[in-house]
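Let's sit down with this model and practise reading it, one feature at a time. Where would you like to start?

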Amino acid sequence: MKLLVPVKRVVDYNVKVRVKSDGSAVETAGVKMSMNPFDEIATEEAIRLKEKGVATEIIAISAGIAACQETIRTALAMGADRGILVETDVALEPLAVAKILKAIVEKEGIDLVILGKQAIDDDMNATGQMLAALLGWPQGTFASKIEIADGTATITREVDGGLETIALKLPAIVTADLRLNEPRYASLPNIMKARKKTIDTIKPADLGVDPAPRLTTIKVSEPPSRKAGIKVADVAALIDKLRNEAKVIS
Ligand code: AMP
């Protein structure tokens, strides 16, 4: 069984994001970039499926600028077998990424795609769903557990107020939620080994995909800054403020 894991290069989750002075986008120049955390979880799950003998090959794919190679290398150091960089300077939207992934799925004969549930930069939460629609494949989104047997993926999903278990006939699309697993750190020997693994570089046009954006960003702005707090003299003053100013108690 061949697995595809799409990994996106995003601003590291520890970085406090800043908006560019012209309000056009988030500043990425000189900012630490990392693999999208949900994609680390997806990669970990793919590796565990290979360790269990369920998967035979894991391909990590990233679409974007040349530096996305680093993100693919991280996936290779964790345990993916080989990588594909679909290189473009165009700012990619989920539909363009889904079209790219569809072309790769068909070219490589993929049986299961495990994506992150969402990329923490644009918070789209759309690529996996769009890919499932384009391929006409079943999808299990927000997975907190994946079991594969007899050509079926049994997915436990985190839904409002509980868990839902669904059975998908393979080939299928799964998106990883936070509680699916705890991703491993790449060990130094594995980082060294990953340097020898192959990353093929292609362009969207090689796949017949036009990645041109369809959305226009009108403005990006920072949230209003929080006002400074105050110190109250005693409990009575606190209760008075909660009751009469904040009006959160009666
Ligand atoms: P999104 O729909 O943008 O929130 O992204 C959901 C998931 O799609 C991510 O967690 C990745 O697994 C995948 N994805 C989105 N954009 C890219 C990209 N440029 N390259 C590789 N994977 C991506």
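**Reading the sheet and the pocket**

Q: Which way do strand 6 and strand 10 run, and how many bridges join them?

A: Keep in mind that this is a predicted model. Strand 6 (residues 112-116) and strand 10 (residues 172-176) run parallel, with five bridges joining them. For one pair to click on, take leucine 115: its bridge partner in strand 10 is threonine 175.

Q: What packs on the sheet around there?

A: Helix 1 (residues 37-51) does, touching strand 1 (2-6), strand 4 (57-64), strand 6, strand 7 (139-149) and strand 10. The direction of helix 1 makes about 150° with that of strand 6. Helix 3 (residues 94-108) packs on the sheet too, with contacts to strand 1, strand 4, strand 5 (82-87), strand 6 and strand 11. Compare the direction of helix 3 with that of strand 1 and you get about 160°.

Q: What is the strand order in the whole sheet?

A: Read across, nine strands go 9-8-7-10-6-1-4-5-11, in an open sheet with mixed pairing. At the edges sit strand 9 (162-169) and strand 11 (199-202), each paired on one side only. On average, neighbouring strands are turned by 30° against each other, ignoring direction.

Q: How do I read a single residue in a strand, say glutamate 57?

A: Look past the sequence neighbours and see what else the residue touches. Glutamate 57 is in strand 4, and, leaving out anything within four places in sequence, it is in contact with Met1, Lys2, Leu3, Asp81 and Arg82. Leucine 3 is 54 residues away along the chain, yet its C-alpha atom is 6.1 Å from that of glutamate 57. As for arginine 82, its side chain makes a polar contact with the side chain of glutamate 57, at 2.7 Å.

Q: Now the ligand: how many residues surround it, and which are the closest?

A: There are 17 residues around the ligand, and the closest are Asp39, Ala63, Ala119, Asn125 and Thr127. By class, that shell has nine nonpolar, six polar and two charged residues. Strand 4 gives the most, three residues.

Q: Which polar atoms should I look at?

A: Try the ligand's oxygen atoms. One oxygen atom is 2.9 Å from a polar backbone atom of proline 6. Alanine 119 has a backbone N or O atom 2.8 Å from an oxygen atom of the ligand, while in asparagine 36 a side-chain N or O atom is 3.0 Å from a ligand oxygen.

Q: How much of the ligand does the protein bury?

A: The protein buries 97% of the 480 Å² that the ligand exposes when taken alone. Strand 4 and strand 6 are the elements that give two or more residues to the shell.

Methods. Residues are numbered from 1 along each chain as its sequence is written. This is a predicted model: local features need pLDDT of at least 70, side-chain atom pairs count only at pLDDT 80 or more; totals for chains, interfaces and linings use all residues. Side-chain values use heavy atoms; hydrogens and water are left out. Two strands pair if DSSP finds at least two bridges between them. Helices (H or I, at least four residues) and strands (E, at least two) are DSSP runs, numbered from the N terminus. Axes are lines fitted to C-alpha atoms, for helices over the stretch in contact, and angles run from 0 to 180 degrees between N-to-C directions. Contact means heavy atoms within 4.5 Å. A polar contact is a pair of N or O atoms within 3.5 Å; within protein, one must be able to donate a hydrogen and the other to accept it, and residues adjacent in sequence count only if both atoms are side-chain atoms. A residue is near a molecule or strand if one of its heavy atoms lies within 4 Å of it. Accessible areas come from the Shrake-Rupley method with a 1.4 Å probe; for residues, only the protein chains shown count as cover. Ala, Val, Leu, Ile, Met, Phe, Trp, Tyr, Cys and Pro count as nonpolar, Asp, Glu, Lys and Arg as charged, and the others, Gly among them, as polar.
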